[in-house]
Amino acid sequence: MSIVTEPFQILKLHRKMSDEAFITMLVTMVAIGLFLTASFLVPNFFQWQNVVNLVTNNWAVISLGIGVSFLLVSGNFDLSVGGIVALSGVLSVWFAQSTGGTNPLSTGLGFPYPLATICALGGALAIGAMNALFVVRFKIPSIIVTLGTMMVARGIAQIITHGSQRNTNLPSEFGFLGNLTMFGTSIKLPVVLMIVLLLIAVFVERKMVFGRITYWIGANPEAADLSGIDRAWHITKLYLFSAAIAGVVGILLASEYQSGFSNRGLLMEFDALVIALLGGVAITGGFGSVIGMFFGAIILAVVTSAATGLVLSPDWQFILKAVAVFLAIVTQTWALARRNR
Amino acid sequence: MTGQQTFTVLSVEELTKDYPGVRAVDQVSFVIENSTIHCLVGENGAGKSTLVKMLTGALEPTSGSMSVNGKAYAPTSPQEAREGGLATLFQELHVVDELTVLENLTLGMEKSRFGFLIKSDLEDRMIKTLAAIEPSIDPTARVSSLSVAQKQIIEIARAASSGANIIIMDEPTAALSEREVERLFGVIRRLRESNVTVIYISHKLDEIFELGDNVTVLRDGKHIATKPLSEVNGRAELIEMMIGRTVFQNYTPRAGIGDKVVLQAQGVTNKLLKNVSFDIKEGEIVGFYGLVGAGKTEIARALFGADPFEGSVTYKGKPVGTTPKEAIASGIALVPEERRTQGLFTELTIRENVPVMNLPRVSKSGIFKARDVRDASLRYVDQLGIATSSIEKHAEKLSGGNQQKVVFAKCLFSKADLLLLDEPTRGVDVGAKTEIYDIIKELADEGDAIAVFSSELEEVLGICDRVFLMFDGHLQEEITNGPDVDIAHILNVVTGGHEGDVI
């Protein structure tokens, strides 16, 4: 067909804010609002260091949230990330522990540390590949598959650690990465890595074909197929990326604590899911943003830290999370419905 | 019917249904007698489904009245229709696969006390009903182990035992094999013997002659005739009543059809298709015409790599790919049958819908060129006349015609030179229809090859240069369009008649 280039300028380009931008803004404002409210109520809450802590204390969950959010947008769950954190951490310790220790828990494979981390990452990717295999090839619902692999990953970690932890006979450089402080501040490498990952994720999501394909698949898988999108391969990549992030998080946590612990990252998969939902990522797919997920994490952090600093004992944190999640999701649904009325 | 009194079980009086701008059912009056199999026929758009929806309470008539079993009848929901004695066998089945036949039959009618189920004579009654209409089904069998036809029979038994004495069946044989059809017919005849009236809707005229007692013909929303089938003089008369007019035909032979064959299909066979062979030339518009279930969509999907098939299809001399991705890369694009579920990303904007089939064209090293994306959307909005205030509008907020144009824009943006259009104007208003036809012709004039898959005769005869007639997975006949096409013959072929049956 001939290509007309001239007269389309008559169409005005009025840009209404998209629903996604609207929800992200809403989540951001709620996060800031909650922080300010907490600052009034809780003594010493309104401090720069406290803001920094809200982010730095949650670097692991926010990092996991990136992979989980992308998968949710594509219409898939990833509940295996917490298990992968435990597995890759334990593997990195086991591979790096020197041979010939005094008991089974202090005897490892004696790999050089760089090789140990690469192999640990390989273990994480294997779980990711397993997720992709069952979801894509055997078409099993992702919630079931990743619930299974979550237990597989943690189960392997538990066998390697005999249900306890491995923390002896480690090379001296083992604790380096997890405790490296950057730019002469107290901010550690993992936090910087999280920020870099976030920036990359936002760029991929907004500007790259890869990100948009994720939305297309989530919005309408069948139309995506018929539009020539290789859905199976894309979802495979998403699971591998999510597992890779979880693997790195596990390695860094093991390094920070200089131990491999099979219960590390327990319930992190649910926290990652919760912050994504708080941040406006739709559980049905096709909708959401990484920035929203980030502020979802901040909301959760403010609520739990403020309340425990105020009146309640830390035992209340689950209840608080529950209340925050319900309120946030009801508000979002209501706001979107009102907006699109 | 011997020895029984004849009386009216259902009468329809001046029934009318208006939609904005169109009268779907126009002052229809007829009566249906007890214990008969009453067939309802008409072309697509003749008003059959609207009429049935009013009978079952899914739609409210604009004017007119109905009565069932001598009582005034104005249902507002299918439940009310059921209480009035009228049940419907829908095309999609409402059975629970995990339960047994008997549990399905008694579903929702169980008696309970304090939340515990109590035994009643209900089950015995159900077993008797089932045995009366189809003894071969084991009441204790799990429904998931049954065939589609057997599931239908369970629904019929449920309807019959709920006290309905009129059962409407809308195209019940669409998904059945020949043997299953025979079995269903046996059931329907046994229902008639037990004083149930069946309203039977089908496009397959052979079935109507085999099964029916009386027939009502609708055309353009109007009632044409109700009479015993024994007084109908063969398929020819029935078809004549259904068409009754010359199909509006504004086809003008097109110049510019190339000699070069671009697509060649040989012996395409799969689950539904049987040895289908045809070719499409450069700059040509071909049509595939047949009833629902004749295999049109299956051909489109096979050519597009969306469904597997045996046989060979070559496009520009090379075999077509086995995935939509490969098909698009080789220059084939599909406008799917269901635009909302298969063609569009309804929750996304026009801007986000247009580029999806050709991402390399709007990106570099995986990064979008935002300006190109915007320009592409603006260009197609303008070129195809998509009525919208902005390219940032969500596709779901557009009208049917404009949604379809967005799907066209997607395909055109892929730079395809073979367009497969599956029901391109379904659910599109008249104005947009004409615009879409103009777009199709313009594309063909520029050398693209186009295949239109349609169950609307006016559509294929309006724009296609050649028409392939489909029935039951077979490509029956090829017709060159022109002023002297024999419409009665076409309808005869696509309803399962053989050449020479008419006249």
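Visitor: What makes strand S21 (residues 418-422) and strand S22 (residues 449-454) of chain B a pair, and in which sense do they pair?

Guide: In this predicted model, S21(B) and S22(B) are joined by five bridges in the parallel sense. Pairing requires at least two bridges, so the five bridges satisfy the criterion. Individual partners can be named: B:Leu419 stands opposite B:Ile450, and the bridge partner of B:Leu418 is B:Ala449.

Visitor: How many bridges join S18(B) to S21(B), and in which sense do the strands run?

Guide: S18(B) and S21(B) run parallel and are joined by four bridges. The requirement is at least two, so these strands also count as paired. On this side of S21(B), B:Leu421 is the bridge partner of B:Val335.

Visitor: What is the order of the strands in the open sheet of chain B?

Guide: The order is S18-S21-S22-S15-S23-S24, six strands in all, and the pairing is mixed. At the edges lie strand S18 (332-335) and strand S24 (474-480), each of which pairs on one side only. On average, neighbouring strands of this sheet are turned by 20° against each other, direction ignored.

Visitor: What makes S21(B) a mostly covered strand?

Guide: Five of the five residues of S21(B) are buried. A residue earns that term when 20 or more other C-beta atoms lie within 10 Å of its own. Both directions are represented: B:Leu418, B:Leu420 and B:Asp422 point one way, B:Leu419 and B:Leu421 point the other way, and all are buried.

Visitor: Why is B:Val232 called partly exposed?

Guide: B:Val232 has 19 other C-beta atoms within 10 Å. Burial begins at 20 and exposure ends at 12, so a count of 19 falls in between and the residue is partly exposed. B:Val232 lies in the loop between strand S12 (222-228) and helix H8 (234-243) of chain B. Leaving aside residues up to four places away in sequence, B:Val232 touches B:Val215, B:Lys227, B:Glu237 and B:Leu238. Its C-alpha atom is separated by 9.4 Å from that of B:Asn214, 18 residues apart along the chain.

Visitor: Is B:Gly70 exposed or buried, and what count of C-beta atoms decides this?

Guide: B:Gly70 has 11 other C-beta atoms within 10 Å. The limit for exposure is 12 or fewer, so B:Gly70 is exposed. B:Gly70 is found in the loop between strand S4 (63-68) and strand S5 (71-73) of chain B. The C-alpha atoms of B:Gly70 and B:Thr8 are separated by 7.5 Å, although the two residues are 62 apart along the chain.

Visitor: Which residues of helix H17 (residues 487-494) of chain B are buried?

Guide: They are B:Ile490, B:Leu491, B:Asn492, B:Val493 and B:Val494. The buried residues of H17(B) pack against H8, strand S15 (285-289), helix H16 (457-463), strand S23 (466-471) and S24 of chain B. After H17(B) comes B:Gly496, with a positive phi near 100°.

Visitor: Why is chain B called as compact as a globular protein of its length?

Guide: Chain B has 17 helices and 24 strands. Its radius of gyration is 25 Å and the globule rule gives 23 Å for 503 residues; the two values are close, so the chain is as compact as a globular protein of that length. Of these 503 residues, 46% count as buried.

Visitor: Why does chain A receive the description "as compact as a globular protein of that length"?

Guide: Chain A has 14 helices and two strands. For its 341 residues the globule rule gives 20 Å, and the radius of gyration of 22 Å is close to that, so the description applies. The C-alpha atoms of chain A fill a box of roughly 80 × 55 × 40 Å along the principal axes.

Visitor: What span is expected of helix H11 (residues 231-257) of chain A, and what span does the helix reach?

Guide: At 1.5 Å a residue, 39 Å is expected for the 27 residues of H11(A), and the helix reaches 39 Å from its first C-alpha to its last. Just after H11(A), A:Gln258 takes a positive phi of about 50°.

Visitor: How many residues of chain A are in contact with chain B?

Guide: 29 residues of chain A are in contact with 32 residues of chain B. Five residues of the side of chain A that touches chain B come from H9(A), the largest share. That side divides into 16 nonpolar, six polar and seven charged residues.

Notes: Residues numbered from 1 in each chain as written. Chains lettered and ligands numbered in written order. Predicted model: local features only at pLDDT ≥ 70, side-chain atom pairs only at ≥ 80, totals over all residues. Expected span 1.5 Å × (residues − 1). Rg over C-alpha atoms; globule rule 2.2 N^0.38 Å. Axes fitted to C-alpha atoms, helices over the stretch in contact; angles between N-to-C directions. Contact = placed C-beta atoms within 7 Å. Nonpolar A, V, L, I, M, F, W, Y, C, P; charged D, E, K, R; others polar.
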